Amino acid sequence: MATSVHLTSTSGVFQEMEARQHKMTADEPTNNHGTDKGPAPYELLLASLAACSSATLRMYADRKGFALGTITADLKFKRDADGNESIDRVISFSETPTEEQMERIRDIIEKTPVTKTLKRGTPIATRFL
């Protein structure tokens, strides 16, 4: 599997990106030198984790016949005074799974692709042209 994003930046911290045919933006809030024209990079990171978490749970539940109803995900990135970073992820369903189903869901959420990538860390190779 390989995916890619192309980014163009002409000035400031506002960023324009393309992933396949999809256009996205990123920016910082005005209190962080941005113009607030798009989500901040950490918000995009959280959105990626939320989307992957929900999509994976939905695919698994549909395949197993679990009724979850609407899936809601609330995520928060935190950094403490010592620089330790963490993400709080709260998932809820409009329908109540059985305890046996929840046991499987708890296992599956830790195996979603973006969760695994974030937890194990990923080497980043950078080149300048």
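**View 1. Helix α2 has an exposed side and a buried side.** On one side of α2 in this predicted model, Glu 99, Glu 100 and Glu 103 are exposed. Which residues of helix α2 are buried? In this helix, which spans residues 99–109, they are Gln 101, Met 102, Ile 105, Ile 108 and Ile 109. These buried residues cover an arc of only 120° around the axis, so they sit on the same side of α2. Follow them inward and you will meet their packing partners: α1 (41–64), β5 (85–93) and α3.

**View 2. Helices α1 and α2 pack against each other at about 140°.** Their axes are 10 Å apart. Why is the pair called oblique? Angles over 145 degrees would count as roughly antiparallel, and 65 to 115 as roughly perpendicular; the angle here is about 140°, and α1 and α2 are therefore oblique to each other. Their crossing is right-handed. From α1, the contact is made by Ser 53, Thr 56, Leu 57 and Tyr 60, while α2 brings Arg 104, Ile 105, Ile 108 and Ile 109. You may recognise Ile 105, Ile 108 and Ile 109 from the first view, where they are among the buried residues of α2.

**View 3. Thr 115 is a buried residue of helix α3.** Look for Thr 115 in α3, the helix made of residues 113–120. Is Thr 115 buried or exposed? Its relative accessibility is 3%, and therefore it counts as buried. Leaving aside residues up to four places away in sequence, Thr 115 touches Leu 49, Ser 53, Arg 89, Ile 109 and Glu 110. Two of these names have come up already: Ser 53 of α1 and Ile 109 of α2 also take part in the contact between those helices.

**View 4. Thr 117 is partly exposed.** Thr 117 also has its place in helix α3. Because its relative accessibility is 32%, Thr 117 counts as partly exposed. Now find Arg 79, which is 38 residues from Thr 117 along the chain. The C-alpha atoms of Thr 117 and Arg 79 are separated by 19 Å.

**View 5. Strands β4 and β5 form a hairpin.** Strand β4 covers residues 71–79 and pairs with β5 in the antiparallel sense. How many bridges join β4 and β5? There are nine bridges between them. To trace one, start at Asp 74, whose bridge partner in β5 is Val 90. Five residues lie between the two strands, and in the turn you will find Gly 83, with a positive phi of about 90°.

**View 6. Three strands make an open antiparallel sheet.** The strand order is β1-β2-β3. At the edges are β1 (6–8) and β3 (22–26), each pairing on one side only. From one strand to the next, the twist averages 25°. Strand β2, residues 15–19, pairs with β3 over five bridges. In a regular strand, side chains alternate between the two faces of the sheet.

**View 7. Ala 26 is buried in strand β3.** Ala 26 lies in β3, and Gln 15 stands opposite it. At 5% relative accessibility, Ala 26 counts as buried. Not counting residues up to four places away in sequence, Ala 26 touches Val 13, Phe 14, Gln 15, Met 17, Pro 39 and Leu 44. How far is Ala 26 from Asp 88 in space? From C-alpha to C-alpha, Ala 26 and Asp 88 are 22 Å apart, with a separation of 62 residues in sequence.

Terms used:
Residues numbered from 1 in each chain as written. Predicted model: local features only at pLDDT ≥ 70, side-chain atom pairs only at ≥ 80, totals over all residues. Heavy atoms only, no water. Helix = DSSP H or I, 4+ residues; strand = E, 2+ residues; numbered from the N terminus. Buried < 20%, exposed > 50% of the residue type's maximum accessible area, 1.4 Å probe, protein only. Contact = heavy atoms within 4.5 Å. Pairing = 2+ DSSP bridges. Axes fitted to C-alpha atoms, helices over the stretch in contact; angles between N-to-C directions. Arc of directions from axis to C-beta. Parallel < 35°, antiparallel > 145°, perpendicular 65-115°, else oblique. Left-handed = near helix turned anticlockwise from the far one by under 90°.
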